Amino acid sequence: MWSSSLLSISIIFITTISTVNSLTIYRDESCPRIRKPFHTLSEDERMLYVNGFQTLRKNGKLQIISDTHAANVAVHKGSSFFFFHAYMIWEAETAIRELGGDYSCFGMPYWDYTIDSGKEHDPTIFHLNVGENGDPRKGFCMDDELWGNVENYWSTDADTCGNGETRLPQPYCCLKRSVSDTQLLPNVMQIASVYLKNSNFLMFETQIDHYHVWPHFYLAVNTWSQMATAYAVDDPIFFLLHTFTLYQRALWTSCYEYDNLDSSEIQSHKDAYTPSCNPNMVDCGVVGIDAPYNLYPLNQVDWSLASSMDITPRMLYDIQDWNVQYDLGSFYKRSKLNEWCEIQAKHGDINGPNPDWFVSLTVDWDEDDNHLQQFIDDKWDEFKSQQDELEMTDEEIYYAVESLSCKYHRLSSENSCFDQDDTIMANNEYETCESRDIFDKEAINLDDMLSFDGVNTNECLQKRRKQLYSVSMLDDSIKLKLCNGEYDYKCPEWTHPSLYKDDEDDEKKEKIK
C-alpha cells in the first residue's frame, strides 16, 4: 500500500521555456514545442491554432498531410497508430511554425476529451473556436463565422460533398459535423485503468485506440462528416484529439520508465514497443521498428522531412528527438495517475514522469460544472479514507472507481439511452455476432444486426447500430465490435471479497458498492 506521505509529493518540473537554440536531431529550432491542453489556452492562443490551420488549407500543405493520412488507414489497426500520427502532427506543427512571427514557437495543443465526459450535451470544446455541431437543415455544414464560410475554409474530400456542393474539377465542400445524441466520451478513470492494466505497448495501444474512436463517433454519425472518414484531418479537432493520444503514449512510456531505454535498443524490449497488428487484425500497415512508412504524397514535397529521409517507428520513439514536451495539464491529477506514477517511476531525483518530456504549466482546472468528475473525486476520496477498513489494495480502488463511474455516467448523461430497468440491456440479453458464431465481418450487414433477438425490440440498441454502422464501413475493425455490443454502454464489473462473506456486516458491504 502506498504511503500517504508519498501521495502529497509535488513533482518539480521545468516551467520555463528556453529561448536559446534547441538543436534536435531533425530540425534546428529556437524554442521547444510545448503542447498544452486546448481548454487552458487564451483566445489569442487558440486563434493561433485556428488561423494557422486555416492557412495550411489555403497554402495546400493541409491537403498533402490529409491525403497522406487517407492513404494509411491500415495503421489504425496496429502498433504504428501512435507513431504514424506523431509524425503527421509534427509536420502540421512544423508547417504552422514556418508561417513565422507569432507562429514560430507554436506547439500543437491537445483536446483532453475527459473534461467533456459527462458534458456531452454541451462540451467545452464547442466553445473554444473550433466549431460545434453542424446544421442538419444544411446537410450538417458548420454554420458559424469561422468555419461556416467555404471561402475561408473548405474540405477537399468529394465523398463529404452534399447536394449543390462543388465536386469537379476540385472538391470544394463545407466542413461538416453530425454530433451523436447517444455517444459518451471516455472518463478519466476509464483511461487511468488502461495504464494500470497494461504494461505492454500493444495492449495499451489497442485500448487507447479503442477509446480514441469514441470522440470520432461522437462528432460524426454519418459519412458526410469528415471525422467519420479517412479525411478526418480536415476537421480542426482531429489534430487536437490525436495530440492527446500522443500525450497518453508519452505518459505511459514515462510512468513505466520505458523512456529510459535508448531508441537503439527497443527491439529487445517488446513491452516498450510491440511490432504487431492489434488482436484479430491482419492488415495494419507498417509495424516493423525500422520499416519506413508509406508517406506519399508527403514525401514528394521538399518542405517535408520525409522528402529527405525515411521515417520509421524507431525514429519517433523518443519525443526529445523531435523537440516535443507536453504540459501535464489537469488530466494527470484528475485521473489519479499522479499517485500511481510517482511510485512507479523515478527520473533522477524526481518521482513521476520524465521532466524532459513533461512540464507543469497549467493551474488546476475548475470541475465544478462536471458532475461526473465530482462523482469520481468523491468516490476516490471515500475509498482512500476507508482503505484499511475495507482492506482494498491501491489497484482495487482504481478499478472500483472505474466501474462505478462508468455506471454513473451511462445513467446520468443526457447523451446516453441506457435504461437500467431495461433487462435486455442491463443483463446483455441480446444476440451478437459472437453468440451466433459469426466471425467474418463480410457476413453481416446492418439489417442483420437490427434483426437479432433483443436488438429488434430495443430502441436504444437499434439507434446505436444505425448511428455507428456507416462509420464502421470505413474501418472494418469496428464492424464486428459493433455487432458484438462493444459500444453498448458496457461497464467493467467490480467486486470485493467482503461482498461474499456472510459474516460481514451490511454497513461495510454498502460502503463498497
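**Exercise 1. A residue in a loop**

Find where Asn129 sits, and decide whether Asn129 is buried or exposed.

*Solution.* Asn129 lies in the loop that runs between α3 and α4. Keep in mind as you work that this is a predicted model. Next, look at the backbone: phi of Asn129 is near 75°, which is a positive value in a residue other than glycine. Last, check the accessibility. The relative accessible area of Asn129 is 16%, and buried means under 20%, so Asn129 is buried.

**Exercise 2. Another positive phi**

Work through Lys336 in the same steps: which loop holds Lys336, what is its phi, and is Lys336 buried or exposed?

*Solution.* Start with the location: Lys336 belongs to the loop between α7 (331-334) and α8. Phi here is near 65°, again positive in a residue other than glycine. With a relative accessible area of 9%, Lys336 counts as buried.

**Exercise 3. Two helices that cross**

Describe how α3 and α6 are arranged, and name the residues that make their contact.

*Solution.* Here is a handy starting point: two packed helices are described by the angle between their axes and the distance between the axes.

Step 1: helix α3 covers residues 81-97 and helix α6 covers residues 236-255; their axes come within 10 Å and cross at roughly 125°.

Step 2: an angle from 65 to 115 degrees would be roughly perpendicular and one over 145 roughly antiparallel; the pair α3 and α6 is therefore oblique.

Step 3: the crossing of α3 and α6 is left-handed.

Step 4: from α3, the contact uses Phe81, Phe82, Phe83, His85, Ala86, Met88, Ile89 and Ala92, while α6 brings Phe238, Phe239, His242, Thr243, Thr245, Leu246 and Arg249. Sorted by class, the residues of this contact are 10 nonpolar, four polar and one charged.

**Exercise 4. A second crossing for α3**

Now find the angle between α1 and α3 and say what the contact is made of.

*Solution.* Helix α1 spans residues 43-59, and its axis comes within 9 Å of that of α3, crossing at roughly 100°. The two helices are therefore roughly perpendicular to each other. In the contact, Tyr49, Gly52, Phe53 and Leu56 of α1 meet Ala92, Ala95 and Ile96 of α3. By class, that gives six nonpolar, one polar and no charged residues.

**Exercise 5. Inside helix α11**

How many residues does α11 have, and what covers its buried residues?

*Solution.* Helix α11 (residues 394-412) has 19 residues, and the distance from its first C-alpha to its last is 27 Å, close to the 27 Å expected at 1.5 Å a residue. Its buried residues include Ile397, Tyr398, Val401, Leu404 and Cys406, along with Asp394, Glu402 and Arg410. Among the elements that cover the buried residues of α11 are α4 (188-197), α8 (337-344), α9 (371-385) and α10 (387-390).

**Exercise 6. Buried or exposed?**

Decide for Ile478 and for Asn163 whether each is buried or exposed.

*Solution.* Ile478 is in helix α15 (residues 476-483) and is buried, with a relative accessible area of 6%. Leaving out residues up to four places away in sequence, Ile478 touches Val213, Phe217, Ser472 and Tyr487. Asn163, in the loop between α3 and α4, has 86% relative accessibility and counts as exposed. Its C-alpha atom is separated by 9.8 Å from that of Lys138, 25 residues apart along the chain.

**Exercise 7. An unusual-looking bond to check**

Which peptide bond is cis, with omega near 5°?

*Solution.* The bond from Tyr296 to Pro297 is cis. Pro297 sits in the loop between α6 and β4 (324-327).

Methods
Residues numbered from 1 in each chain as written. Predicted model: local features only at pLDDT ≥ 70, side-chain atom pairs only at ≥ 80, totals over all residues. Heavy atoms only, no water. Axes fitted to C-alpha atoms, helices over the stretch in contact; angles between N-to-C directions. Helix = DSSP H or I, 4+ residues; strand = E, 2+ residues; numbered from the N terminus. Parallel < 35°, antiparallel > 145°, perpendicular 65-115°, else oblique. Left-handed = near helix turned anticlockwise from the far one by under 90°. Contact = heavy atoms within 4.5 Å. Nonpolar A, V, L, I, M, F, W, Y, C, P; charged D, E, K, R; others polar. Expected span 1.5 Å × (residues − 1). Buried < 20%, exposed > 50% of the residue type's maximum accessible area, 1.4 Å probe, protein only.
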